[in-house]
Amino acid sequence: MRILVDRDKCEGLGMCEAMAHEYFELDDDDVMVLLEENPPESERDKVHAAVQACPVLALSLQD
Ligand code: SF4
């Protein structure tokens with residue numbers, strides 16, 4: 001599983017961080033940093049929830 005980020009869409013709103021801070025973090029300039037691009041399968045539900053939470057649809061999952 002791989003997390004994909006559309007940087008043109010991301011507005012640094014931080015919903016992804018709120019849902020899964022192990023994988024997404026906003027830096028001091030509100031730029032989202034992907035901490036781990038390839039989460040283990042056991043984390044799919046949490047990562048999927050974070051992807052769904054993005055209000056501008058900047059995140060997606062690739063199997
Ligand atoms: S929730 Fe979406 S817009 Fe907000 S930081 Fe995460 S990817 Fe970017």
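Let's start in the middle of this predicted model. The largest nonpolar core has 11 residues: Ile3, Cys16, Ala20, Tyr23, Phe24, Met32, Val47, Ala50, Val51, Cys54 and Leu59. Helix α2 supplies the largest share of that core, with three residues.

Which residues of α2 are buried? They are Val47, Ala50 and Val51. These three sit on the same side of α2, because they cover an arc of only 100° around the axis. And what lies over them? The cover includes β1 (2–5), α1 (15–19), β2 (24–26) and β4 (59–62).

Now zoom in on one core member, isoleucine 3, which you'll find in strand β1. Is isoleucine 3 buried or exposed? It's buried, because 21 other C-beta atoms lie within 10 Å, and 20 or more is what it takes to count as buried. Leaving aside neighbours within four places in sequence, isoleucine 3 is in contact with Tyr23, Leu34, Glu37, Pro39, Val47, Leu59 and Leu61. Take leucine 61 from that list: in sequence it is 58 residues away from isoleucine 3, yet their C-alpha atoms are 4.9 Å apart in space.

Cysteine 54 is another member of the core. If you again skip the neighbours within four places in sequence, cysteine 54 is in contact with Met15, Cys16 and Leu59.

Cysteine 54 also turns up around the ligand. The ligand is surrounded by 13 residues, and the closest are Cys10, Leu13, Met15, Cys16 and Cys54. What classes of residue make up this shell? There are 10 nonpolar, two polar and one charged residues.

Time to step back and look at the whole chain. It has two helices and four strands, and if you read along the sequence you get the pattern β-α-β-β-α-β. How does its radius of gyration fit with a compact globule? A compact globule of 63 residues would have a value near 11 Å, and this chain has 10 Å, so the two agree. Along the principal axes, the C-alpha atoms fill a box of roughly 30 × 20 × 15 Å. Of the 63 residues, 19% are buried. Contacts also reach far along the sequence: among those between residues at least 6 apart, 59% join residues at least 24 apart.

The loops have some details worth a look too. Most residues other than glycine have a negative phi. Aspartate 30 and leucine 57 have positive values, as the table shows.

| Residue | Phi | Place |
|---|---|---|
| Aspartate 30 | near 60° | loop between β2 and β3 |
| Leucine 57 | near 55° | loop between α2 and β4 |

Are these two buried or exposed? Aspartate 30 counts as exposed because it has 11 C-beta neighbours inside 10 Å, and 12 or fewer is the cut-off. Leucine 57 is exposed as well, with 11 other C-beta atoms within 10 Å.

One more loop residue to find is glutamate 41, in the loop between β3 (32–34) and α2 (44–53). With 8 C-beta neighbours inside 10 Å, glutamate 41 counts as exposed. How far is glutamate 41 from aspartate 63? They are 22 residues apart in sequence and 9.7 Å apart in space, C-alpha to C-alpha.

Notes: Residues are numbered from 1 along each chain as its sequence is written. This is a predicted model: local features need pLDDT of at least 70, side-chain atom pairs count only at pLDDT 80 or more; totals for chains, interfaces and linings use all residues. A residue is near a molecule or strand if its C-beta atom, placed from the backbone, lies within 6 Å of it. Ala, Val, Leu, Ile, Met, Phe, Trp, Tyr, Cys and Pro count as nonpolar, Asp, Glu, Lys and Arg as charged, and the others, Gly among them, as polar. A nonpolar core is a set of buried Ala, Val, Leu, Ile, Met, Phe, Trp, Tyr and Cys residues joined through C-beta atoms within 7 Å. Two residues are in contact if their C-beta atoms, placed from the backbone, lie within 7 Å. The radius of gyration is taken over C-alpha atoms; the globule rule is 2.2 Å times the number of residues to the power 0.38. The arc is that of the directions from the helix axis to the C-beta atoms.
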